[in-house]
Amino acid sequence: MSLSATLANSPSIDSVGVAERVARFGTRSIKKSSKMEALKLALSMIDLTTLEGKDTEDKVRRLCYKARHLHVDLPDLPTVAAVCVYPTMVKVAREELNDCGVKVAAVATSFPSGQDDLSLRIRQTKGAVRHGAQEIDMVISRGRFLAGDYQYVTDEIVAVKEACGEAHLKVILETGELHTLENVRKASDIAIHAGADFIKTSTGKVQPAATMEVTLVMLEAMRILKEVYPEPKRTILVGHWGGEEQGLNGSRAFAEDNQHVVQGLHVLLNFDIGTGLVNDISMQGMMGAGAHFSRWFAQMPSEMSGPL
């Protein structure tokens, strides 16, 4: 799909519906056992991060030790997903983590502002990968985006993705500077169109950073039909900095028990908070979703779809 078609298909946002849906999240509860499993899974997806001007090699080494040993009295805790550092600290982090399973992530592309020539940002990305970074966190050029230069934003993501080689690319939208939910949705669509492996809300350097509203809008952007983005087994994830992760246990259990369904999965969204029976599905805040629900339900076993 062309960029112009992607932008044309980027919908307006029902802000009232989004606010109502977000408000309901705070009123729901989760069983203790499910909550513990969800929290452990959320812990295993965290990027343990130090991004300060006063960072030292010793501080990065201590952070890497913490990533491998989160709590000496709780040995059953998982490790975090990655340690995230500036490019100058990648080599130190890679030496400390070695092959323990914790990835090394690096913020590149002149984080957090993105205010540098693209050629310099590409060189920074290639240097971080060369020193051992397995994930690259890039920031988009928010000034260009707000000026309506969407082609530039697309091209910079494509260029950085190519510079990443085998490393995953995580695109930070810096939603606190995008002003509106419509802009958040449009930036999400552009990042997905350009080939991002992850999209993330915020650098953590501006306020507001992550909010439930922008996270919900980004999740809705993930609901991409296979005929629009036909790449097989393409996985798109949303990073939410600053909020509690809930509702992951049920999806993991379903994936383990239904591998024939999961095989070839294009997009999976979960905003439920546990493993209990689903009694109702609301489409508030999900513009245009209704047209697809009957087709989706037709693929489900009748004992699952019947009560809905």
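**Notebook: confidence, a helix pair and a salt bridge**

I began with the weak spots of this predicted model. Over residues 232-237 I found that pLDDT stays under 50. For that stretch the model has 17 contacts beyond four places in sequence. I then looked up residues 264-277, where pLDDT also stays under 50. Here the model has 40 contacts beyond four places in sequence. I note a caution: where pLDDT is low, the predicted coordinates should not be read in detail. For the whole protein chain I read a mean pLDDT of 80. I also noted that 72% of its residues reach 70 or more.

Next I turned to two helices. I asked at what angle H8 and H9 pack. Helix H8 covers residues 150-164, and helix H9 covers residues 181-194. Their angle is about 40°, and their axes lie 9 Å apart. Angles from 65 to 115 degrees count as roughly perpendicular and those under 35 as roughly parallel, so I call H8 and H9 oblique to each other. Their crossing is right-handed.

I listed who makes the contact. H8 brings Tyr150, Val153, Thr154, Ile157 and Val158. H9 brings Lys186, Ile190, Ala191, His193 and Ala194. Sorted by class, I get 7 nonpolar, 2 polar and 1 charged residues in this contact.

Last, I checked salt bridges. The count comes to 16. I picked the one between Asp47 and Lys200, whose closest N and O atoms are 3.6 Å apart. Which strands hold the two residues? Asp47 sits in strand E1 (residues 47-49), and Lys200 sits in strand E6 (residues 198-200). The pair links distant parts of the chain, 153 residues apart.

Technical notes: Residues numbered from 1 in each chain as written. Predicted model: local features only at pLDDT ≥ 70, side-chain atom pairs only at ≥ 80, totals over all residues. Heavy atoms only, no water. Axes fitted to C-alpha atoms, helices over the stretch in contact; angles between N-to-C directions. Helix = DSSP H or I, 4+ residues; strand = E, 2+ residues; numbered from the N terminus. Parallel < 35°, antiparallel > 145°, perpendicular 65-115°, else oblique. Left-handed = near helix turned anticlockwise from the far one by under 90°. Contact = heavy atoms within 4.5 Å. Nonpolar A, V, L, I, M, F, W, Y, C, P; charged D, E, K, R; others polar. pLDDT = per-residue confidence, 0-100. Salt bridge = Lys/Arg side-chain N within 4 Å of Asp/Glu carboxyl O.
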